[in-house]
Every structure is written in C-alpha cells, then in structure tokens.
Amino acid sequence: QVQLVESGGGLVQAGASLRLSCAASGRTFSSYAIGWFRQAPGKEREFVAAISWTGSTYYVDSVKGRFTISRDNAKNAVYLQMNSLKPEDTAVYYCAAAYKANTRAVVTTTRPYDYWGQGTQVTVSS
C-alpha cells in the first residue's frame, strides 16, 4: 500500500516557477514508478512526466525543457520542478504510483498506476 499527497501548487504569473512535491508512505516506495498527470476543466487527464523505479524520466512534448521530475527515495518523495509556466499549464496536478514500471509505453498511460494522490491546483495567469 502506498499513500500519496501532493503539495506546492498555487497561483503564479506566466514565466514563473513552481515546485510540486509528492510525499509517499510505504517502505517499498523505491520499487514504484511515479507519474505526474494533470487535468484541466473540460479536458481528459493528461500525462505530464514520470520517473521509473530504475530512474528513467519521461515527459510529454509540451513540457520538455521546462519541467524536471526527480525523486528522493530516502525521503519517500518525488518532485516536479516547473519553470517558464504558461497559462495552458493550468490544471489540477496529480501524482500516481505504479509498481516496477520502467518503460515509456507503461509509465505514460494511466493504466498501470495503482495509487493516486488528491491533487494540487496550479493556476498560471497571463
């Protein structure tokens, strides 16, 4: 069992930065891939970034070069550093955990993720 809690969202201007945190419980945290997904009003949940349990990282094209995902297994935490934020980044951001997922085809879809956080709101004004 893994429990996830997101934090770090807020209201910022375009061009600003935010760092989202995903805090997890569970002794086997290091065996899980952690993904970040987002959902804007009227849109489907979208893959944003993921880090596999082996350390590989993946990003949706629209955030490459702006967002960086990292993990600190000693702290049971995953972070999403978001720079150069744009209004189109506005959404509720969720983190999720998938056991021993480590390929692009797996971690970029919602299907393998067994655990989800409650979400944190990110709003970027223009």
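Tutor: Strands (E, at least two residues) and helices (H or I, at least four) are DSSP runs, numbered from the N terminus. This is a predicted model: local features need pLDDT of at least 70, side-chain atom pairs count only at pLDDT 80 or more, and totals for chains, interfaces and linings use all residues. Residues are numbered from 1 along each chain as its sequence is written, and side-chain values use heavy atoms, without hydrogens and water.

Student: How many strands are there in the protein?
Tutor: Read along the sequence, the pattern is β-β-β-β-β-β-β-β-β-α-β-β. The protein has one helix, and its strands number 11.

Student: What radius of gyration does the protein have?
Tutor: The C-alpha trace spans about 40 × 25 × 25 Å along its principal axes. The radius of gyration is taken over C-alpha atoms, and the globule rule is 2.2 Å times the number of residues to the power 0.38. For 126 residues, that puts a compact globule near 14 Å; the protein agrees, with 13 Å.

Student: Which residue of the turn between E4 and E5 has a positive phi?
Tutor: E4 and E5 run antiparallel and are joined by five bridges; strands pair if DSSP finds at least two bridges between them. Phe37 has Phe47 in E5 as its bridge partner. The two strands form a hairpin with six residues between them, and the positive phi, about 80 degrees, belongs to Gly42.

Student: In the hairpin of E5 and E6, which residue takes a positive phi?
Tutor: These strands are antiparallel too, with three bridges. One bridge sets Ala50 opposite Tyr58 in E6. Five residues lie between the strands, and the one with a positive phi, near 105 degrees, is Gly55.

Student: How many of the six residues of E5 are buried?
Tutor: Buried means under 20% relative accessible area, exposed over 50%, partly exposed in between (1.4 Å probe, protein chains only). In the whole protein, buried residues make up 44% of the 126. E5 is largely enclosed by the rest of the structure, because its buried residues number five.

Student: Which strand gives the largest share of the largest nonpolar core?
Tutor: Such a core joins buried Ala, Val, Leu, Ile, Met, Phe, Trp, Tyr and Cys residues through side-chain atoms within 4.5 Å. This one has 40 residues, and Ile34, Trp36, Phe67, Leu80, Met82 and Tyr93 touch the most other members. Strands supplying at least two residues each include E3, E4 and E5. The largest share is six residues, and they come from E9.

Student: Which strands stand at the edges of the open sheet of four strands?
Tutor: The order is E1-E3-E8-E7, with antiparallel pairing. Inside the sheet, E3 and E8 share six bridges, and Cys22 has Val78 in E8 as its bridge partner. A strand with a single partner has one side left without a neighbour in the sheet, so the edges are E1 and E7.

Student: Is Asn76 buried or exposed?
Tutor: Asn76 lies in the loop between E7 and E8. Beyond four places away in sequence, Asn76 touches Cys22, Ala23, Ala24, Ser25, Gly26 and Phe29, where contact means heavy atoms within 4.5 Å. Its relative accessibility is 18%, so Asn76 counts as buried.

Student: How far apart in space are Trp116 and Gln3, C-alpha to C-alpha?
Tutor: Trp116 is in strand E10 and, at 27% relative accessibility, counts as partly exposed. Residues touched by Trp116 include Leu4, Phe37 and Tyr94. Trp116 and Gln3 are 113 residues apart in sequence, but in space the C-alpha distance is 7.6 Å.
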